[in-house]
Amino acid sequence: YGVGSASAGVTKARSLLELARLKNQKNPELWVEAIRLERRAGNDKLAISLMARALQEIPLSGLLLAENITTSPRVEQKSKSAAAIKKCPDDPRVITAVASLFAAERKNDKARKWFERAVVLDPDMGDSWAKLYAFELDAGTKDTQEKVKKRCISAEPTHGELWCKIVKSMSNRGKTVAQNLDAVAQSLRDKMRLN
C-alpha cells in the first residue's frame, strides 16, 4: 500500500487510496494507509478526521482501533484504549497497543501480562511476538527472553505488518524464526529510540 505514496506524490497517493476505498469498502488497511499518508504529509487534522470517518465506517476493526490508540496524544490514550478494549476485547493488535502503553509507563508486570495475552490470542501474529520480545530485552531477564524466543519459534508466526515487511525482505530470506524475531525486535527498539 505504501509504495506509491513516496514516488507519485501525496496528491496522487491520496486519490488512489480514495478510489481504492470506494471500490473496497470496509477495508481497514486502506483506511490506515490513508491516515498514515496524511500524517507523513504533515496533515494531522486531516488524519484525525479520516480516523473518525474510518471508525464510523468500521467500528470493530482492531487494526484501526490499535492505530487510533498509538497515534493519539498521550492524554487521550488511556480513554481510547479502554474504549477499544470494550469494542474488541480479543483482538491481538488492540491488546498489543494497550500493552505498549503499559510498557511506556514502565508498568512492567501489567505490560508483560497484556503482551502474553496478545500472543496467546493469536500465536500467528509475528508483530505481537516481536513487541513482547523487544519488551523483554528492555525489561526482562535472560531467562524470560529465552522463553519468549522458544515459544515464538514453536509458534512459527507468519502474519503482522512489521513482521512480514522485515521477514520478506530479500536480506532476510532463508533466516530462521529466531533470527527474524531478533531483526523485528531490533527494528522496534530502534524506532522507539527515534521517537
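How many salt bridges does a search of the whole structure find? The search turns up 15 salt bridges, a salt bridge being a side-chain nitrogen of Lys or Arg within 4 Å of a carboxyl oxygen of Asp or Glu. Disulfides, meaning pairs of cysteine sulfur atoms within 2.5 Å, come to zero in the whole structure.

A quick word on the model: it is predicted, so local features need pLDDT of at least 70 and side-chain atom pairs count only at pLDDT 80 or more, while totals for chains, interfaces and linings use all residues. Residues are numbered from 1 along each chain as its sequence is written, and side-chain values use heavy atoms, with hydrogens and water left out.

**A salt bridge inside one helix**

- R21 and E18 pair up through their side chains, at 2.5 Å from N to O.
- These two sit three residues apart in helix α2 (residues 10-23), so about one helical turn separates them. Helices here are DSSP runs of H or I with at least four residues, numbered from the N terminus.
- R21 is buried at 7% relative accessibility, whereas E18 is partly exposed at 31%. For these labels, buried means under 20% relative accessible area, exposed means over 50%, and partly exposed is in between (1.4 Å probe, protein chains only).

**Salt bridges between helices**

- E136 and R112 form a salt bridge at 2.8 Å, N to O.
- That pair links distant parts of the chain, with E136 in helix α9 (residues 126-139) and R112 in helix α8 (residues 108-121), 24 residues apart.
- E136 is buried, with a relative accessible area of just 1%, while R112 is partly exposed at 22%.
- D182 and K149 make another salt bridge, and their closest N and O atoms are 3.2 Å apart.
- Since D182 belongs to helix α12 (residues 177-194) and K149 to helix α10 (residues 142-155), the pair ties together parts that are 33 residues apart in sequence.
- D182 is partly exposed, at 32% relative accessible area, and K149 counts as buried at 14%.

**A network**

- R36, E67 and E161 are joined up in a network of salt bridges.
- In general, side chains of opposite charge can pair when their charged atoms come close.

**The cysteines**

- Why is C152 not bonded to C164? The sulfur of C164 is the closest cysteine sulfur to that of C152, but at 13 Å it is too far for a bond.
- Looking from the other side, C164 is in no disulfide either, and its nearest cysteine sulfur is that of C152.
- C152 is buried, with a relative accessible area of 0%.
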